[in-house]
Amino acid sequence: MAFDKDNIIDQIKDASITDLNDLVSAIEEEFGVSAAAPVAAAGAAGGDAAAKDSYDVELTESGDQKVKAIKVVREITGLGLKDAKGLVDDVPSIIKEGLSEDEANDVKAKLEEVGGVVTLK
């Protein structure tokens, strides 16, 4: 069965966020898949990762809960609303620099809890 790709794209462009969320949920349920982006393992860099003592937290995707992500960024950085929103809107962006591994993982967990995708550098 053929489908009209352009028609589907036009319908998606005109859909509301709620409609798109329902569509993603229906696709996940129908096909048994997840739309969540895979997160790379922190130790995937090999031996260099073990020797590292300072980490930068980079937000690579803000997720679908932007307001919550902005609140978390404000909490983590102490920035004002405008600056925190700028970091969340203009991904990828460095949220915090020069953290210990434990601090970086704590920041990462907070951002991932609200749907963000985070890379430790």
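Q: A salt bridge is a side-chain nitrogen of Lys or Arg within 4 Å of a carboxyl oxygen of Asp or Glu; how many are there by this rule, and which residues are linked in a network?

A: This is a predicted model, in which local features need pLDDT of at least 70, side-chain atom pairs count only at pLDDT 80 or more, and totals for chains, interfaces and linings use all residues. Residues are numbered from 1 along each chain as its sequence is written, and side-chain values use heavy atoms, with hydrogens and water left out. The count comes to five salt bridges, and Lys-66, Lys-85 and Asp-89 are linked in a network of them. Within that network, Lys-66 bridges to Asp-89 with the closest N and O atoms 3.6 Å apart, and this pair joins distant parts of the chain, since Lys-66 is in helix α4 and Asp-89 in helix α5, 23 residues apart.

Q: Helices (H or I, at least four residues) and strands (E, at least two) are DSSP runs, numbered from the N terminus; what pattern does the chain follow?

A: Read along the sequence, the pattern is α-α-α-β-α-α-β-α-β, which gives six helices and three strands. With contact meaning heavy atoms within 4.5 Å, residues 24 or more positions apart account for 67% of the contacts in the chain with a separation of 6 or more.

Q: How should I read the other salt bridges, and which helices hold Glu-75 and Lys-110?

A: The side chains of Glu-75 and Lys-110 meet at 3.2 Å, N to O, and they tie helix α4 to helix α6 across 35 residues. Burial is graded by relative accessible area, under 20% being buried, over 50% exposed, and in between partly exposed (1.4 Å probe, protein chains only). On that scale Glu-75 is exposed at 54%, whereas Lys-110 is partly exposed at 38%. A bridge can also lie inside one helix: Glu-112 and Lys-108 both belong to α6, four residues apart, about one turn of the helix, with their closest N and O atoms 4.0 Å apart. Here Lys-108 is buried, at 12%, while Glu-112 is partly exposed, at 30%.

Q: Which residues have the most contacts inside the largest nonpolar core?

A: In soluble globular proteins, nonpolar side chains tend to be buried together. A nonpolar core is a set of buried Ala, Val, Leu, Ile, Met, Phe, Trp, Tyr and Cys residues joined through side-chain atoms within 4.5 Å. The largest one has 19 residues, and those with the most contacts inside it are Val-57, Val-73, Ile-95 and Leu-111. The elements giving two or more residues are β1 (55–61), α4 (66–77), α5 (81–89), β2, α6 (101–113) and β3 (117–120), with the largest share, five residues, coming from α4. Ile-95, leaving aside neighbours within four places in sequence, is in contact with Val-57, Leu-59, Val-73, Ile-76, Thr-77, Leu-87 and Leu-111.

Q: Which residues of α5 are buried, and what do they pack against?

A: An α-helix has 3.6 residues a turn, so residues three or four places apart point the same way. In α5, Ala-84, Leu-87 and Val-88 are buried. Seen down the axis of α5, these residues fall within an arc of 95° (taken from the directions from the helix axis to the C-beta atoms), so they line one face of the helix. The buried residues of α5 pack against β1, α4 and β2.

Q: Is Glu-97 of β2 buried or exposed, and which residues does it touch?

A: Glu-97 lies in strand β2 (residues 93–99) and counts as exposed, at 58% relative accessibility. Not counting residues up to four places away in sequence, Glu-97 touches Tyr-55 and Asp-56; its C-alpha atom is 4.2 Å from that of Asp-56, although the two residues are 41 apart along the chain.
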